[in-house]
Amino acid sequence: MRNGHVEVAVIGGGAAGLMCAMVAAARGRRVLVLERANRVGKKILMSGGGRCNFTNTGTGPENYLSANPHFCKSALARYTPWHFLELVERHRIAWHEKELGQLFCDESSKLIVRMLLDECAKVGVRIETECDITAVDVADDGRFCIDSRLGRTTAERLVVASGGLSIPSMGASGFGYELARQFGHEVLPTRAGLVPLTLSGKHLERLDGLSGVSLEVEASSGGASFRNAMLVTHRGISGPAILQVSSYWQPGDALRLDLLPGEDALALLQQWQRQRREAELRTLLSETMPRRFAQRLCEHWLQSRPMKQYTPAQLQQIADTLAAWPIVASGTEGYRTAEVTLGGVDTDGVSSSTFESRRVPGLHFIGEVLDVTGWLGGYNFQWAWASGHAAGQAV
Ligand SMILES: Cc1cc2nc3c(=O)[nH]c(=O)nc-3n(C[C@H](O)[C@H](O)[C@H](O)COP(=O)(O)OP(=O)(O)OC[C@H]3O[C@@H](n4cnc5c(N)ncnc54)[C@H](O)[C@@H]3O)c2cc1C
């Protein structure tokens, strides 16, 4: 850096910012990363239970929510999970596939941060941590002026990679959205995604003491369905199926939870009535779901009797309850525990190939700050890598 001037300044040393910085510097650009936290990549470190679910081999545009579902296509096609995997293997990081194409580190997410830092160091990226930015402006010559504890830094290109609002204790801020608005960009309403749902009143009381119980469900809301585990928590419900559907659910929306996913509930009940006439419903349900959960269902939502005693209409009623458990979510746990932020900088104002602003030449937005949000399962990091890579090639 000469006289506080760089070619590319990147705000935010997270997944997208570090990828962008290393790609740009490898092309010979002088790059400075400004990170407000005391270290870069904090979300990478805490991700995937400390093992970082760094990509998903099944990544496609259909795994993302955005007001413009086409926006993510170009970058995802140009930088695929296989490109990132090649980088991981080059750094000899052992990995494994969990369910559904999700790739995790065998050892620790620290290795992913180490890999990104090594790549950045190799090509001379300068990284400054504990660097809160106080103001950004554009000078008459089109250069960006960035004020921070480093004094005034000028840059020909400014990349905003400051992420979303989730986990404020990790450095998350609304800074990227404010900057976008300052430069005339539209910011679509934000809300917490991939987040546990809360219950209240009788819905919560009826599950009292079941915290930690987990069962497979199919959770549906807002036109999306996910079949995976649901976990009862102290405040409501969580687990992969619930986290996934939370991104499609808004307060007041219907939430459908099928407690016998993949089963025709009525056919199963009729079969039990034919073949296990003396057995009680509670006992039979305990064979398909955790016993404590089945008992609770029968205390509050169903009446347990020997199967032979139910009329056809009653069997239908039970089947309906099992296929669409009538539970009403009151809200979400919010940004404190959310993995991602839905909404953000409107993609209409940004090029899908270079991630450059259509309003301010030289300004780029990448990663989660944009209105592109992935499902649970490595899709969010793949978006960070792909958008960071595309911008890194363009700046
Ligand atoms: C607990 C948790 C677990 C997760 N696990 C996974 C997972 O396993 N797989 C997956 O794909 N996704 C996971 N995610 C989501 C994933 O971490 C994010 O989608 C991804 O990190 C977004 O990358 P980003 O670079 O856009 O933002 P971030 O990684 O959030 O980086 C943004 C950076 O900008 C910095 N910053 C913010 N404001 C400023 C400012 N004013 N000045 C300077 N710097 C600033 C922040 O401190 C941060 O370092 C998880 C998220 C959480 C919270």
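# A tour from Glu-130 to the sheets

Glu-130 counts as exposed, because its relative accessibility is 51% (exposed means over 50% relative accessible area, buried under 20%, and partly exposed in between, with a 1.4 Å probe and protein chains only). The model is predicted: local features need pLDDT of at least 70, side-chain atom pairs count only at pLDDT 80 or more, and totals for chains, interfaces and linings use all residues. Residues are numbered from 1 along each chain as its sequence is written, and side-chain values use heavy atoms, with hydrogens and water left out.

**Glu-130 and the whole chain**

Keep Glu-130 selected and inspect its backbone: phi is positive, about 50 degrees, although the residue is not a glycine. Glu-130 belongs to the loop between strand 7 (126–128) and strand 8. Helices (H or I, at least four residues) and strands (E, at least two) are DSSP runs, numbered from the N terminus.

Next, display the entire chain. Its secondary structure comprises 13 helices and 20 strands. Along the principal axes, the C-alpha atoms fill a box of roughly 85 × 40 × 35 Å. Of the 395 residues, 56% are buried. Among contacts (heavy atoms within 4.5 Å) with a separation of 6 or more, 71% are between residues 24 or more positions apart.

**Ile-167 and helix 6**

Move to Ile-167, in the loop between strand 10 and helix 6. Its phi is also that of a non-glycine residue with a positive value, near 55 degrees. Ile-167 is buried because its relative accessible area is 13%.

Then select helix 6 (residues 175–182), in which Phe-175, Gly-176, Tyr-177, Leu-179 and Ala-180 are buried. Showing their surroundings brings up the strands against which these buried residues pack: strand 1 (5–11), strand 8 (135–138), strand 10 (151–160), strand 11 (187–193), strand 18 (340–345) and strand 19 (363–365). Just after helix 6, Gly-184 adopts a positive phi of about 85 degrees.

**Ala-16 and Ser-148**

Select Ala-16, a residue of helix 1 (residues 15–26). With a relative accessible area of 7%, Ala-16 is buried. Its contacts, leaving aside neighbours within four places in sequence, are Ala-161, Ile-366, Gly-367, Ala-384 and Gly-388. A distance label from Ala-16 to Trp-383 spans 8.0 Å between C-alpha atoms, although the two lie 367 residues apart along the chain.

Ser-148 is the following stop, in strand 9 (residues 144–148). It is buried as well, at 11% relative accessibility. Not counting residues up to four places away in sequence, Ser-148 touches Cys-131, Asp-132, Ile-133 and Thr-134.

**The sheet with helix 4**

Colour strands 3, 5 and 6, which form an open, antiparallel sheet in the order 3-6-5; two strands pair if DSSP finds at least two bridges between them. Strand 3 (53–56) and strand 5 (95–97) are the edges, each pairing on one side only. Direction ignored, neighbouring strands are turned by 25 degrees against each other on average. Axes here are lines fitted to C-alpha atoms, for helices over the stretch in contact, and angles run from 0 to 180 degrees between N-to-C directions.

Three bridges link strand 5 to strand 6 (residues 102–105) in the antiparallel sense, and Glu-97 stands opposite Leu-103 in strand 6. Now add helix 4 (residues 81–90), which packs on this sheet and touches strand 3, strand 5 and strand 6; its direction makes about 140 degrees with that of strand 3.

**The six-stranded sheet**

Colour strands 12 to 17 next: these six strands form an open sheet in the order 16-13-14-15-12-17, with antiparallel pairing. Its edge strands, strand 16 (256–258) and strand 17 (331–332), each pair on one side only. Within it, strand 12 (residues 197–198) and strand 15 (residues 236–238) run antiparallel and are joined by two bridges. Zoom in on Thr-198, which stands opposite Gly-236 in strand 15.

**Helix 9 against helix 12**

Finally, select helix 9 (residues 265–275) and helix 12 (residues 312–323), whose axes come within 8 Å and cross at roughly 135 degrees. The two helices are therefore oblique to each other (under 35 degrees counts as roughly parallel, over 145 as roughly antiparallel, 65 to 115 as roughly perpendicular, and the rest as oblique). The crossing is right-handed, meaning that the near helix is turned clockwise from the far one by less than a right angle; anticlockwise would be left-handed.

Show the side chains: Ala-265, Leu-266, Leu-269, Gln-270 and Gln-273 in helix 9 meet Leu-315, Gln-316, Ile-318, Ala-319 and Leu-322 in helix 12. The residues of this contact divide into seven nonpolar, three polar and no charged (Ala, Val, Leu, Ile, Met, Phe, Trp, Tyr, Cys and Pro count as nonpolar, Asp, Glu, Lys and Arg as charged, and the others, Gly among them, as polar).
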